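User: I should like to discuss a structure with you through a series of short questions. Please display it before we start.

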Amino acid sequence: MAEPRNVCVAHRGWSGRAPENTLAAVKLAMEEPDVYWIEIDVQLSNDHIPVVIHDYKLRRTTNGKGDVRNWTAAELGALDAGSWFSPLFKDEGVPTLDQVLALTAGRCNVNIELKTDGIRYPALEEQVLASVRRFGVENEVVLTSFYAGALNKLFKLTEGRIRTGLIIDGWRQTLPLELSQTGSTLLSIDYSRLNKERVRLLKEAGIQVMAWTINEERAIRKIAELDRELMICTNFPNRWRQAMAGLRDETGEGREKW
(Lines give C-alpha, C1' and ligand atoms only; values in the text may rest on other atoms or scores of the structure.)
Protein backbone atom coordinates (compact mmCIF):
# COMPACT_ATOMS: atom_id res chain seq x y z
CA MET A 1 0.00 0.00 0.00
CA ALA A 2 1.44 3.32 -1.07
CA GLU A 3 1.97 6.06 1.49
CA PRO A 4 -0.49 8.98 1.32
CA ARG A 5 0.63 12.41 0.19
CA ASN A 6 2.20 14.53 2.93
CA VAL A 7 2.64 11.49 5.13
CA CYS A 8 1.70 11.90 8.78
CA VAL A 9 4.35 11.57 11.49
CA ALA A 10 2.71 11.10 14.91
CA HIS A 11 4.77 13.38 17.18
CA ARG A 12 5.83 11.47 20.32
CA GLY A 13 3.06 9.05 19.38
CA TRP A 14 -0.50 10.33 19.29
CA SER A 15 0.44 12.87 21.92
CA GLY A 16 -2.74 14.89 21.53
CA ARG A 17 -4.74 11.94 22.84
CA ALA A 18 -2.30 10.18 25.21
CA PRO A 19 0.78 11.17 27.24
CA GLU A 20 3.75 11.81 24.95
CA ASN A 21 6.43 9.18 24.40
CA THR A 22 4.46 6.43 26.16
CA LEU A 23 3.44 3.03 24.89
CA ALA A 24 -0.18 4.20 25.01
CA ALA A 25 0.58 7.07 22.61
CA VAL A 26 2.50 4.74 20.30
CA LYS A 27 -0.31 2.16 20.27
CA LEU A 28 -2.98 4.78 19.53
CA ALA A 29 -0.99 6.08 16.56
CA MET A 30 -0.42 2.57 15.25
CA GLU A 31 -4.15 1.83 15.32
CA GLU A 32 -4.63 4.39 12.56
CA PRO A 33 -4.32 2.75 9.12
CA ASP A 34 -2.91 5.86 7.46
CA VAL A 35 -0.25 6.75 10.06
CA TYR A 36 3.01 5.39 8.65
CA TRP A 37 5.50 7.14 10.95
CA ILE A 38 5.89 7.77 14.67
CA GLU A 39 8.44 10.18 16.16
CA ILE A 40 9.97 9.48 19.58
CA ASP A 41 12.79 10.92 21.73
CA VAL A 42 15.53 8.75 23.21
CA GLN A 43 18.01 9.25 26.06
CA LEU A 44 20.11 6.85 28.15
CA SER A 45 19.27 5.58 31.61
CA ASN A 46 21.85 5.28 34.37
CA ASP A 47 22.42 1.67 33.30
CA HIS A 48 22.96 2.72 29.65
CA ILE A 49 19.63 1.53 28.26
CA PRO A 50 17.88 3.72 25.64
CA VAL A 51 14.67 5.11 27.15
CA VAL A 52 11.91 7.10 25.48
CA ILE A 53 11.41 10.56 26.99
CA HIS A 54 11.86 14.12 25.73
CA ASP A 55 13.05 16.32 28.59
CA TYR A 56 16.40 15.83 30.32
CA LYS A 57 14.55 16.46 33.59
CA LEU A 58 11.75 14.18 34.81
CA ARG A 59 9.49 16.77 36.42
CA ARG A 60 7.25 17.80 33.52
CA THR A 61 6.02 14.38 32.39
CA THR A 62 6.57 12.05 35.37
CA ASN A 63 6.33 11.94 39.16
CA GLY A 64 10.11 11.57 39.35
CA LYS A 65 12.70 14.22 40.14
CA GLY A 66 16.10 15.13 38.75
CA ASP A 67 17.79 14.00 35.55
CA VAL A 68 16.78 11.04 33.43
CA ARG A 69 20.40 9.86 33.37
CA ASN A 70 20.44 9.37 37.15
CA TRP A 71 17.73 6.69 37.10
CA THR A 72 17.93 3.08 35.91
CA ALA A 73 15.63 1.90 33.12
CA ALA A 74 13.66 -0.21 35.60
CA GLU A 75 13.21 2.78 37.92
CA LEU A 76 12.07 4.96 35.02
CA GLY A 77 9.65 2.30 33.87
CA ALA A 78 8.10 2.24 37.34
CA LEU A 79 7.41 5.99 37.37
CA ASP A 80 4.00 7.48 36.66
CA ALA A 81 4.46 9.07 33.24
CA GLY A 82 0.77 9.41 32.46
CA SER A 83 -1.20 11.08 35.24
CA TRP A 84 0.00 14.56 34.26
CA PHE A 85 -2.01 14.05 31.06
CA SER A 86 -4.99 12.18 32.52
CA PRO A 87 -5.68 9.84 35.46
CA LEU A 88 -6.63 7.25 32.84
CA PHE A 89 -2.91 6.84 32.04
CA LYS A 90 -1.52 6.56 35.57
CA ASP A 91 -0.05 3.13 34.80
CA GLU A 92 2.12 4.40 31.94
CA GLY A 93 5.83 4.44 32.74
CA VAL A 94 8.84 5.65 30.78
CA PRO A 95 9.32 2.93 28.13
CA THR A 96 12.57 1.61 26.75
CA LEU A 97 13.40 1.89 23.06
CA ASP A 98 13.25 -1.90 22.90
CA GLN A 99 9.64 -1.83 24.14
CA VAL A 100 8.67 0.63 21.40
CA LEU A 101 10.47 -1.24 18.63
CA ALA A 102 8.88 -4.51 19.77
CA LEU A 103 5.52 -2.87 18.94
CA THR A 104 6.46 -1.13 15.71
CA ALA A 105 8.78 -3.64 14.00
CA GLY A 106 7.32 -4.59 10.65
CA ARG A 107 4.26 -2.42 11.27
CA CYS A 108 5.30 1.25 11.42
CA ASN A 109 8.32 3.42 10.68
CA VAL A 110 9.98 5.28 13.54
CA ASN A 111 11.82 8.59 13.63
CA ILE A 112 14.15 8.22 16.61
CA GLU A 113 15.46 11.54 17.89
CA LEU A 114 18.72 11.21 19.82
CA LYS A 115 18.64 13.70 22.70
CA THR A 116 22.28 14.60 23.04
CA ASP A 117 24.41 17.71 22.87
CA GLY A 118 27.87 16.22 22.60
CA ILE A 119 28.33 16.10 26.37
CA ARG A 120 25.38 14.05 27.56
CA TYR A 121 25.25 10.40 26.62
CA PRO A 122 28.54 9.76 24.77
CA ALA A 123 27.43 6.15 24.08
CA LEU A 124 23.88 6.97 22.97
CA GLU A 125 24.52 6.31 19.29
CA GLU A 126 25.94 2.84 19.89
CA GLN A 127 23.14 1.81 22.24
CA VAL A 128 20.40 3.02 19.88
CA LEU A 129 22.01 1.20 16.97
CA ALA A 130 22.17 -1.98 19.05
CA SER A 131 18.41 -1.77 19.65
CA VAL A 132 17.67 -1.06 15.98
CA ARG A 133 19.74 -4.04 14.89
CA ARG A 134 18.30 -6.30 17.57
CA PHE A 135 14.84 -5.84 16.08
CA GLY A 136 16.01 -5.82 12.46
CA VAL A 137 14.42 -2.45 11.70
CA GLU A 138 17.36 -0.79 9.94
CA ASN A 139 15.10 0.03 6.98
CA GLU A 140 12.18 1.18 9.13
CA VAL A 141 13.87 3.99 11.06
CA VAL A 142 15.52 7.34 10.59
CA LEU A 143 17.86 8.53 13.35
CA THR A 144 17.72 12.29 13.87
CA SER A 145 19.34 14.87 16.12
CA PHE A 146 19.86 18.59 16.59
CA TYR A 147 23.52 17.72 17.22
CA ALA A 148 25.43 17.23 13.96
CA GLY A 149 28.20 15.41 15.82
CA ALA A 150 25.79 12.55 16.53
CA LEU A 151 24.98 12.28 12.84
CA ASN A 152 28.65 12.18 11.89
CA LYS A 153 29.21 9.43 14.44
CA LEU A 154 26.23 7.43 13.20
CA PHE A 155 27.45 7.67 9.63
CA LYS A 156 30.83 6.26 10.63
CA LEU A 157 29.31 3.52 12.77
CA THR A 158 26.93 2.36 10.06
CA GLU A 159 28.94 3.32 6.95
CA GLY A 160 25.84 5.19 5.87
CA ARG A 161 23.60 2.11 5.87
CA ILE A 162 21.03 3.55 8.30
CA ARG A 163 19.26 6.75 7.38
CA THR A 164 19.91 9.90 9.41
CA GLY A 165 18.49 13.40 9.55
CA LEU A 166 19.27 16.83 10.99
CA ILE A 167 16.76 18.69 13.17
CA ILE A 168 16.77 22.47 13.08
CA ASP A 169 14.53 25.34 14.12
CA GLY A 170 16.08 27.96 11.87
CA TRP A 171 17.15 28.36 8.26
CA ARG A 172 20.38 28.90 6.36
CA GLN A 173 21.20 28.44 2.67
CA THR A 174 24.04 26.08 3.52
CA LEU A 175 21.73 23.38 4.87
CA PRO A 176 21.98 21.10 1.80
CA LEU A 177 25.78 21.14 2.12
CA GLU A 178 25.63 20.56 5.88
CA LEU A 179 23.40 17.53 5.45
CA SER A 180 25.64 16.15 2.76
CA GLN A 181 28.65 16.48 5.05
CA THR A 182 26.91 14.42 7.75
CA GLY A 183 25.61 11.84 5.29
CA SER A 184 22.02 12.78 6.13
CA THR A 185 19.11 12.70 3.70
CA LEU A 186 16.31 14.13 5.87
CA LEU A 187 15.79 17.59 7.34
CA SER A 188 13.37 17.93 10.24
CA ILE A 189 12.53 21.62 10.44
CA ASP A 190 10.21 24.05 12.22
CA TYR A 191 7.35 24.43 9.74
CA SER A 192 7.36 28.22 10.07
CA ARG A 193 10.76 28.30 8.34
CA LEU A 194 9.51 26.73 5.13
CA ASN A 195 8.44 28.25 1.84
CA LYS A 196 8.26 26.95 -1.72
CA GLU A 197 11.76 28.12 -2.68
CA ARG A 198 13.39 26.49 0.34
CA VAL A 199 11.54 23.25 -0.21
CA ARG A 200 12.61 23.29 -3.86
CA LEU A 201 16.24 23.86 -2.89
CA LEU A 202 16.18 20.92 -0.50
CA LYS A 203 14.42 18.59 -2.93
CA GLU A 204 16.92 19.37 -5.67
CA ALA A 205 19.65 18.30 -3.23
CA GLY A 206 17.88 14.97 -2.67
CA ILE A 207 16.75 15.83 0.86
CA GLN A 208 13.39 14.78 2.24
CA VAL A 209 11.74 17.37 4.46
CA MET A 210 9.69 16.83 7.60
CA ALA A 211 7.85 19.88 8.97
CA TRP A 212 7.21 20.06 12.74
CA THR A 213 5.06 20.43 14.79
CA ILE A 214 1.81 21.39 13.05
CA ASN A 215 -1.40 21.00 15.02
CA GLU A 216 -3.98 23.18 13.30
CA GLU A 217 -5.78 21.96 10.18
CA ARG A 218 -5.35 25.25 8.32
CA ALA A 219 -1.59 25.29 8.96
CA ILE A 220 -1.26 21.63 7.99
CA ARG A 221 -3.02 22.29 4.71
CA LYS A 222 -0.93 25.38 3.99
CA ILE A 223 2.35 23.51 4.49
CA ALA A 224 1.10 20.49 2.55
CA GLU A 225 0.38 22.74 -0.42
CA LEU A 226 4.09 23.59 -0.67
CA ASP A 227 4.90 20.08 -1.86
CA ARG A 228 3.06 16.74 -1.72
CA GLU A 229 6.21 14.93 -0.49
CA LEU A 230 6.61 17.09 2.62
CA MET A 231 6.15 14.99 5.77
CA ILE A 232 3.80 16.46 8.38
CA CYS A 233 4.72 15.97 12.05
CA THR A 234 1.73 16.52 14.33
CA ASN A 235 0.34 15.73 17.78
CA PHE A 236 -3.06 15.13 16.15
CA PRO A 237 -3.19 12.60 13.29
CA ASN A 238 -6.96 13.11 13.15
CA ARG A 239 -6.45 16.78 12.28
CA TRP A 240 -3.90 15.79 9.62
CA ARG A 241 -6.52 13.47 8.13
CA GLN A 242 -9.11 16.24 8.04
CA ALA A 243 -6.65 18.66 6.49
CA MET A 244 -5.73 16.14 3.81
CA ALA A 245 -9.39 15.46 3.07
CA GLY A 246 -9.95 19.19 2.59
CA LEU A 247 -6.90 19.48 0.36
CA ARG A 248 -8.04 16.51 -1.70
CA ASP A 249 -11.45 18.08 -2.14
CA GLU A 250 -9.98 21.40 -3.22
CA THR A 251 -7.61 19.85 -5.75
CA GLY A 252 -10.05 17.28 -7.10
CA GLU A 253 -7.73 14.39 -6.30
CA GLY A 254 -9.34 11.03 -5.56
CA ARG A 255 -8.46 8.79 -2.65
CA GLU A 256 -7.17 6.14 -5.06
CA LYS A 257 -4.34 8.48 -6.09
CA TRP A 258 -2.97 8.49 -2.55
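User: Is C8 buried or exposed?
Analyst: Buried means under 20% relative accessible area, exposed over 50%, and partly exposed in between, with a 1.4 Å probe and protein chains only. The relative accessibility of C8 is 0%, so C8 counts as buried. This is a predicted model, in which local features need pLDDT of at least 70 and side-chain atom pairs count only at pLDDT 80 or more, while totals for chains, interfaces and linings use all residues. Residues are numbered from 1 along each chain as its sequence is written, and side-chain values use heavy atoms, with hydrogens and water left out. For C8 the answer is therefore: buried.

User: How many disulfides does the structure hold?
Analyst: A disulfide is a pair of cysteine sulfur atoms within 2.5 Å. By that criterion, the number of disulfides in the structure is zero.

User: Why does C233 form no bond with C8?
Analyst: C233 is buried as well, at a relative accessible area of 1%. The closest cysteine sulfur to that of C233 belongs to C8, and it is too far for a bond because the separation is 8.0 Å.

User: Which helix links β7 to β8 in a β-α-β unit?
Analyst: Helices (H or I, at least four residues) and strands (E, at least two) are DSSP runs, numbered from the N terminus. Strand β7 (residues 186-190) pairs with β8 in the parallel sense over five bridges, where pairing requires that DSSP find at least two bridges between two strands. The β-α-β unit is right-handed, meaning that, with the strands pointing away from the viewer, the path from the first strand over the helix to the second runs clockwise. In this right-handed unit, β7 and β8 are joined by helix α7 (residues 196-204).

User: Which residue of β9 is the bridge partner of A211?
Analyst: β8 and strand β9 (residues 231-234) pair in the parallel sense over two bridges. Within β9, the partner of A211 is I232.

User: How many of the five residues of strand β8 are buried?
Analyst: Strand β8 spans residues 208-212 and is largely enclosed by the rest of the structure. That description applies because the number of its five residues that are buried is four.

User: What separates the C-alpha atoms of P95 and G77?
Analyst: P95 is located in the loop between α2 (73-77) and α3 (97-104). At 3% relative accessibility, P95 is buried. P95 and G77 are 18 residues apart along the chain, and the distance between their C-alpha atoms is 5.8 Å.
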